[in-house]
Amino acid sequence: MRSHHYRLTIDWKGNLGSGTSGYRAYSRAMDIGKEGAPLIAASSDPSFRGDASRYNPEELLVASISGCHMLWYLHLCADAGVVVTDYRDEAEGTMTENSDGGGRFDEVILHPAVTLASPDDEARARVLHARAHERCFIANSVTFPVRVDATFR
């Protein structure tokens with residue numbers, strides 16, 4: 001068994017002069033980074049006084065699940081001789097907020113639209129989505145359902 005370690009820096013950019021002296025006194029802006037990679041501009045969800053022009057952690061969670069699934073799927077297709085020429089996922093997640101301000105994700109639904117070089121491969125390509133879902137590190141790490149609703153062109 002191998003173990004992998006990930007290190008990122010989260011750098012809060014939201015001190016507007018008085019720090020967290022009040023709930024409305026600071027910005028939720030942050031930069032997410034690691035050595036040798038571009039920064040990801042992030043913030044909280046706009047519902048929580050965040051900046052809509054920056055990604056929020058909830059969106060990044062949905063993107064992580066979608067990206068992990070896609071990478072496994074493409075790997076499995078390559079191994080199986082199924083040629084994918086285009087892949088686009090319009091992933092969506094639903095989170096419910098509790099009355100105390102906490103909350104949790106209820107589900108994430110992936111909607112990959114896959115273009116195949118040969119329409120004869122669709123049955124095998126559909127099965128590979130199920131296998132990719134079983135192998136996805138991120139989907140296996142969350143406690144809410146992750147569903148895959150794939151279409152093929």
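**View 1. Trp-72 is a buried residue with an aromatic partner.** In this predicted model, Trp-72 has a relative accessibility of 18% and counts as buried, because the cut-off for buried is under 20%. Its partner is another story: Phe-137 is exposed, at 58% relative accessible area. A search of the whole structure turns up four aromatic pairs. Trp-72 and Phe-137 make an edge-to-face one, with 5.8 Å from centre to centre and 70 degrees between the planes. This pair links distant parts of the chain, since Trp-72 belongs to helix 1 (residues 57-80) while Phe-137 is in the loop between helix 2 (122-135) and strand 8 (146-148), 65 residues apart.

**View 2. Tyr-73 and Tyr-87 form a tilted aromatic pair.** Here the ring centres are 5.9 Å apart and the planes make an angle of 45 degrees. Tyr-73 sits in helix 1 and Tyr-87 in strand 4 (residues 84-89), so the pair ties together parts that are 14 residues apart in sequence. Tyr-73 is buried, with a relative accessible area of 0%. Tyr-87 counts as buried too, at 15%.

**View 3. The largest nonpolar core has 24 residues.** Tyr-73 shows up again here, as one of the residues with the most contacts inside the core, along with Val-108, Phe-144, Val-146 and Phe-152. Helix 1, strand 6 (103-110), strand 7 (112-116) and helix 2 are the elements that give two or more residues to this core. Helix 1 hands over the largest share, seven residues. Who does Tyr-73 touch, leaving out residues up to four places away in sequence? Its contacts are Val-84, Tyr-87, Val-114, Ala-125, Leu-128, His-129, Ala-132 and Phe-152.

**View 4. Helix 1 from end to end.** The 24 residues of helix 1 should span 34 Å at 1.5 Å a residue, and its end C-alpha atoms are indeed 34 Å apart, which agrees. At the N-terminal end, Asn-56 acts as a cap: one of its side-chain oxygens lies 3.0 Å from the backbone nitrogen of Glu-58. After the helix comes Gly-81, with a positive phi near 80 degrees. Besides Trp-72 and Tyr-73, the buried residues of helix 1 include Val-62, Ile-65, His-69 and Leu-76.

**View 5. Arg-28 meets two tyrosine rings.** The charged end of Arg-28 sits over the ring of Tyr-26, 3.8 Å from its centre. Arg-28 also lies over the face of Tyr-23, at 4.5 Å from that ring's centre.

Conventions:
Residues numbered from 1 in each chain as written. Heavy atoms only, no water. Phe/Tyr/Trp six-rings, centres within 6.5 Å; stacked < 30°, edge-to-face > 60°. Helix = DSSP H or I, 4+ residues; strand = E, 2+ residues; numbered from the N terminus. Buried < 20%, exposed > 50% of the residue type's maximum accessible area, 1.4 Å probe, protein only. Lys NZ or Arg CZ within 6 Å of the ring centre and 35° of its normal. Core = buried A, V, L, I, M, F, W, Y, C linked by side-chain atoms within 4.5 Å. Contact = heavy atoms within 4.5 Å. Expected span 1.5 Å × (residues − 1). Polar contact = N/O pair within 3.5 Å; in protein donor to acceptor, adjacent residues only side chain to side chain.
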